Amino acid sequence: MPDRAHSARVPAPGANAPGVRPWHGYGLGLRTEHFDAVLEENPAVDWFEIISENFMVAGGKPRHYLDAIRARYPLAMHGVSLSIGSTDPLDLHYLGELRQLAWDVEPIWISDHLCWTGNGGINSHDLMPLPYTEEAIAHVASRIGQVQEFLGREILIENVSTYVSFANAEMEEAVFLSEIARLSGCRILLDVNNIYVSSRNHGFDADAYVAALPAEKIWQIHLAGHSDYGDYVIDTHDHPVRDEVWALYARTLQRIGQVTTMIERDDDIPPLADLVAELDQARTIGESVKNSSLAICA
Amino acid sequence: MITLQTLEKRFLAHVRGSSIFPREWCAQGLVNSDIGLSIYANAYGSRLSEALEADHPVLGQYLGDSLWAEFCKGYIEAHPSQVRSLRHFGAQVPTWLANHSPFSGHPVISELARFERSLLDAFDAADGERLDWSHLQALAPGAWPSLRLQFHPSVRLLQTATNAVEIWRALKEDLPAPSASISSEAARLIWRDSDRISRFRPVVANEYLALCGMFSEGEMFASLCEQLATVLAVEVVPATAISFLRQWFDDGIISRLYDADGNP
């Protein structure tokens, strides 16, 4: 894929230097509704995140737009079907398609979720919660290792919103995630909205959650909107980022330094310009953080 | 001790509505575990129904809310997803509709679904070359009998027994749907054009015969002529066969010419 015009837009200083968290700026989730607008308006977005499964097709419009947008912007690949926590065998056919897409796209990185999506060969197409046990840590860390070996690169794993927690939990979620990252060598995609949603549903301290994570492992942040039903909160991605999540984002950056950030929107999708404006809010918060734009690992 | 495998199996069974997840396996957070579990169960049905709706908007319109809900419930139960992408979740919809009452009593419903899926398949099929008529004109006369065609990967040939496509077109244009009836055309040819737009057109009986041979069976031009000679006067066979070829090149659906041995 020749002629990539993103080098002037995104400095990515020291992206491959050991001990340095790569910096790719501020991105948006690439959605079908915005394909033409991205190409016509060339928005001031540093990078886009694609849903990997949406482009695991042979050709036609999806691949046409993918190639055209990739020629202008860096892309990250974000999957929803890896099912890393499932006790089913890893799906080698899916992994093969993922690897092929990565060869085509040359993404800044590949990510998926700390969850399971199916069992017994049946896919729920949802991000199901894991029990925070030593058994699950060993299982998930081992599978991440296999996936990373297959893909030839380390992946990022994202914390999900949850609505149920399990009685057999042996630790807090942040400890569970940290331990998996330590054992597998994966990086963390920290979804700040998901921390907020789960903290409301389960009654934990969102700031303590962030504080418990290994800061140098956090390579990307997700922001999104949610629906607040009073007694519980659902991660719906159909609203702008809410004030309480912006506040948690600011506190997170103050604690861990500047992190590559993007906004996800999956329903009630507004015009691209609205999301670009919303992204500017993340940019403003990021720029206001006094820490260096490069967080040096301990 | 509850193993991870057991927990996942029981949790998914609950979400799918086939059994109850033990409440004592849930921790009591701020959200009641009944509410928490119902959030996952509701999302499961909604997400799969939405995927079917996205793939079959006109079918949904034709069935109406009540039958659509009955269809979604039945299909989701019968065909739990075994695919990684929702794009393929509805792959068995036409067959399921053809075999389950009350839908099976109305063949037009299954055919409407099959037409919508063919459009989807054409939409994101592999890309491919599109040859023009000059490529055929450049062919040596001696090469014609063994000529075989490779069609564009997006091409689909859909046999139509009913007027499902006419119904689809009317509903798509917000016009009243005609009553279901026997199709006046043998088939529909569906493909994606060079602007990546899905196209379709009717195919009459003789062209359907020709397409079955050269597209579906990969037969040689000489075989096509022999087949046409079984339904047409011999003297009109060459002109008819050439007219079909011309139409296919004009449609932009021929990707490659090759001979009986597979050589270009």
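Here is a walk through a predicted model with two chains, A and B.

Let's start with chain A. Its secondary structure adds up to 9 helices and 12 strands. With a radius of gyration of 18 Å, close to the 19 Å that the globule rule gives for 298 residues, chain A is as compact as a globular protein of that length. If you lay its C-alpha trace along the principal axes, chain A spans about 50 × 45 × 40 Å. Buried residues account for 50% of the 298 residues in this chain. As for how chain A is wired together, take its contacts with a separation of 6 or more: 77% of them are between residues 24 or more positions apart.

Now turn to chain B, which has 10 helices and 5 strands. Its radius of gyration is 24 Å, whereas a compact globule of 264 residues would have one near 18 Å. The C-alpha trace of chain B spans about 80 × 45 × 30 Å along its principal axes. Of its 264 residues, 34% count as buried. Among the contacts in chain B between residues at least 6 apart in sequence, 60% join residues at least 24 apart.

So much for the chains one by one; how do they meet? At the interface, 41 residues of chain A are in contact with 42 residues of chain B. On the chain A side, several elements each supply at least two residues: helix H2 (60-70), strand E5 (116-119), strand E6 (122-128), helix H4 (134-151) and helix H6 (192-202). Which of them gives the most? That would be E6(A), with 6 residues. Sorted by kind, the residues on this side of chain A come to 17 nonpolar, 18 polar and 6 charged.

Next, the inside. In soluble globular proteins, nonpolar side chains tend to be buried together. In this model the largest nonpolar core holds 116 residues, and the ones that touch the most other members are A:Ile157, A:Ile188, A:Val192, A:Leu223, A:Ile263 and B:Leu112. Helix H3 (residues 57-78) of chain B brings the largest share of this core, 8 residues. Apart from this core lies another one, of 24 residues, including B:Ala125, B:Ile190, B:Leu211 and B:Leu224. For a close-up, pick A:Val192. Setting aside neighbours within four places in sequence, A:Val192 is in contact with A:Ile221, A:His222, A:Leu223, A:Val245, A:Leu248, A:Tyr249 and A:Thr252.

Helix H3 of chain B deserves a stop of its own. How far apart are the end C-alpha atoms of H3(B)? They are only 21 Å apart, although the helix has 22 residues and a straight helix would reach 32 Å at 1.5 Å a residue. Look at B:Gly64 and you'll find a bend in H3(B) of about 115 degrees. The buried residues of this helix are B:Val58, B:Leu59, B:Gly60, B:Tyr62, B:Leu63, B:Phe71, B:Cys72, B:Tyr75 and B:Ile76. Among the elements that cover them are helix H2 (33-55), helix H4 (93-99), helix H5 (107-123) and helix H7 (164-172) of chain B.

Stay in chain B for a moment and go to the loop between H4 and H5, where B:Pro102 lies. A cis peptide bond joins B:Ser101 to B:Pro102, with omega at about 5 degrees.

Two residues, one in each chain, have a positive phi without being glycine. In chain A there is A:Ser83, with phi near 55 degrees, in the loop between strand E3 (75-78) and H3. In chain B there is B:Asp174, with phi of about 60 degrees, in the loop between H7 and strand E3 (187-192). Are these two buried or exposed? A:Ser83 has 26 other C-beta atoms within 10 Å, so it is buried. B:Asp174 has 7 C-beta neighbours inside 10 Å, so it counts as exposed.

One last stop is A:Trp103, in helix H3 (residues 92-105) of chain A. This tryptophan counts as exposed because it has 9 C-beta neighbours inside 10 Å, and the cut-off for exposed is 12 or fewer. From A:Trp103 to A:Asp266 the distance is 26 Å, C-alpha to C-alpha, and the two are 163 residues apart in sequence.

Methods. Residues numbered from 1 in each chain as written. Chains lettered and ligands numbered in written order. Predicted model: local features only at pLDDT ≥ 70, side-chain atom pairs only at ≥ 80, totals over all residues. Contact = placed C-beta atoms within 7 Å. Helix = DSSP H or I, 4+ residues; strand = E, 2+ residues; numbered from the N terminus. Nonpolar A, V, L, I, M, F, W, Y, C, P; charged D, E, K, R; others polar. Core = buried A, V, L, I, M, F, W, Y, C linked by C-beta atoms within 7 Å. Buried ≥ 20, exposed ≤ 12 C-beta atoms within 10 Å, placed from the backbone. Expected span 1.5 Å × (residues − 1). Bend = angle between axes of the 7 residues up to and from the residue. Rg over C-alpha atoms; globule rule 2.2 N^0.38 Å.
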